[in-house]
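Open your viewer and get ready to click around. We'll go stop by stop, with something to select at each one.

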Amino acid sequence: MRRFLLPLAALAGGLAPLAADAGTLDEVRERGRLSCGVGESFPGFFAMDSQGEWRGLDVDFCRAVAAAVLGDASKVTFKPATPVARFTQLQSGEVDLLSRSVTWTLGREAALGLAFTGTTFYDGQGFLVRRALNIGHVKELSGASICTQSGTTTERNLADYFRAQGVAFTPVVFETAPEAIGAYEAGRCDAYTTDKSTLQARIKGLRDPSQHLILPETITVALNGPVVRGNDPQWSSIIRWTLNALVAGEARGVTSANVAERRGASTDPETRRLLGLDGALGKALGLEPGWAYEAIRQVGNYAELYDRNLGPAAPVQIPREGGPNRLWRDGGLMVAPSFE
């Protein structure tokens, strides 16, 4: 595997953009597997099941990329990537992409030389507290100790928000999410803060979920999605358009169950281009004509990924109705550019 040499500034403690270096697609094909960086354990998004298999929305996106690039959704190696180490793992070439609810920010994209390729989940930061504290709003956390995870936008947003409100608090910081939530449950802090999707997942794992509540305020908006190195525009386009294909599949009613039929019978021009029947969109990306067809056939469209991992029958349930993760035509923010 090609290794990316980090600048001295990066080795000294801060990552910096790398010199242009393309070829991730060729490396993945030569290796025969996609290397995908996921988190430690975030049920619904990335976590191992009882059989040791990775499951979750972000995990399934990696499988869709493998199907598009290699023709086989199973050809993925998942590597845990903590917030502290994840960008180094990406920049060094240890992983080909991060798909672990990474929040899109200007500093990460410009200063670290990364490329965010779209949003798989719209989220926002909230707070978890014990009901026994009789706290109903964030403003009542004045003087509280608040557990959070280091190396995340959550940690910075926490400080920024309370500074702007003129409210004093004590941060209690841990390297991993399990350590942070464990400290909160053990009573080492009054509240725990992270994205609300994480809070909804974590509260179910507490000993008595009924003794805790998520406060109503959302203090930030988080656009979470896959991120790659910024020096390989071809690879960035492949990851971006794989996500677009899953969203477009949902919008056009193309599912894993009917994609073969639709490919054989559809007369809709955009659907035909999406499925590789007309045009040369696959060639433009360096992929086979049926790249999007394989991603949808083997893994599903965006709605299938969402329902499988976060829907009514999933262990972690985050209702899509009424929220930003719906299609644009339903009042949400999920939309794909045109396939033409």
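One term before we start: contact, or touching, means heavy atoms within 4.5 Å. This is a predicted model, in which local features need pLDDT of at least 70 and side-chain atom pairs count only at pLDDT 80 or more, while totals for chains, interfaces and linings use all residues. Residues are numbered from 1 along each chain as its sequence is written, and side-chain values use heavy atoms, with hydrogens and water left out.

**Stop 1: Leu34**

Select Leu34. Leaving aside neighbours within four places in sequence, Leu34 is in contact with Val28, Cys62, Val65, Ala66, Leu70, Lys75, Val76, Thr77, Asp96, Leu97 and Trp235. Now for the bigger picture: a nonpolar core is a set of buried Ala, Val, Leu, Ile, Met, Phe, Trp, Tyr and Cys residues joined through side-chain atoms within 4.5 Å. Buried means under 20% relative accessible area, exposed over 50% and partly exposed in between (1.4 Å probe, protein chains only). Of the 57 residues in the largest nonpolar core, Leu34 and Trp235 touch the most other members. Helix H3 (57-70) gives the most to this core, with 10 residues. Helices (H or I, at least four residues) and strands (E, at least two) are DSSP runs, numbered from the N terminus.

**Stop 2: the strand around Leu34**

Next, select strand S1 (34-38). How many of the residues of S1 are buried? The count is 5 of 5, so to speak a full house. Leu34, Cys36 and Val38 point one way from S1, and Ser35 and Gly37 point the other way.

Add strand S4 (76-80) to the selection. Two strands pair if DSSP finds at least two bridges between them. S1 and S4 pair in the parallel sense over 5 bridges, and Val38 stands opposite Pro80 in S4. Then bring in strand S5 (residues 97-103), which pairs with S1 in the parallel sense over 2 bridges. Here, look for Cys36 opposite Leu97.

**Stop 3: Val76**

Stay in S4 and pick Val76. Is Val76 buried or exposed? Val76 is buried, with a relative accessible area of 7%. Its C-alpha atom is separated by 5.9 Å from that of Ser35, although the two are 41 residues apart along the chain. Not counting residues up to four places away in sequence, Val76 touches Arg33, Leu34, Cys36, Cys62, Arg63 and Ala66.

**Stop 4: H3 and its partners**

Show H3 together with helix H9 (233-251). Axes are lines fitted to C-alpha atoms, for helices over the stretch in contact, and angles run from 0 to 180 degrees between N-to-C directions. H3 and H9 pack at an angle of about 110°, with their axes 10 Å apart. Among the residues making the contact are Phe61 and Val65 of H3 and Trp235 and Ile238 of H9.

Swap H9 for helix H14 (302-310). The axes of H3 and H14 come within 9 Å and cross at roughly 145°. Leu57, Asp60 and Phe61 in H3 meet Leu305, Tyr306, Arg308, Asn309 and Leu310 in H14.

**Stop 5: H8 and His212**

Finally, select helix H8 (residues 196-203), where 7 of the 8 residues are buried, so H8 is largely enclosed by the rest of the structure. The cover over its buried residues includes helix H7 (177-185) and strand S12 (212-214). In S12, click His212, which counts as buried at 8% relative accessibility. Among the residues that His212 touches, not counting those up to four places away in sequence, are Leu128, Tyr184 and Ile203.
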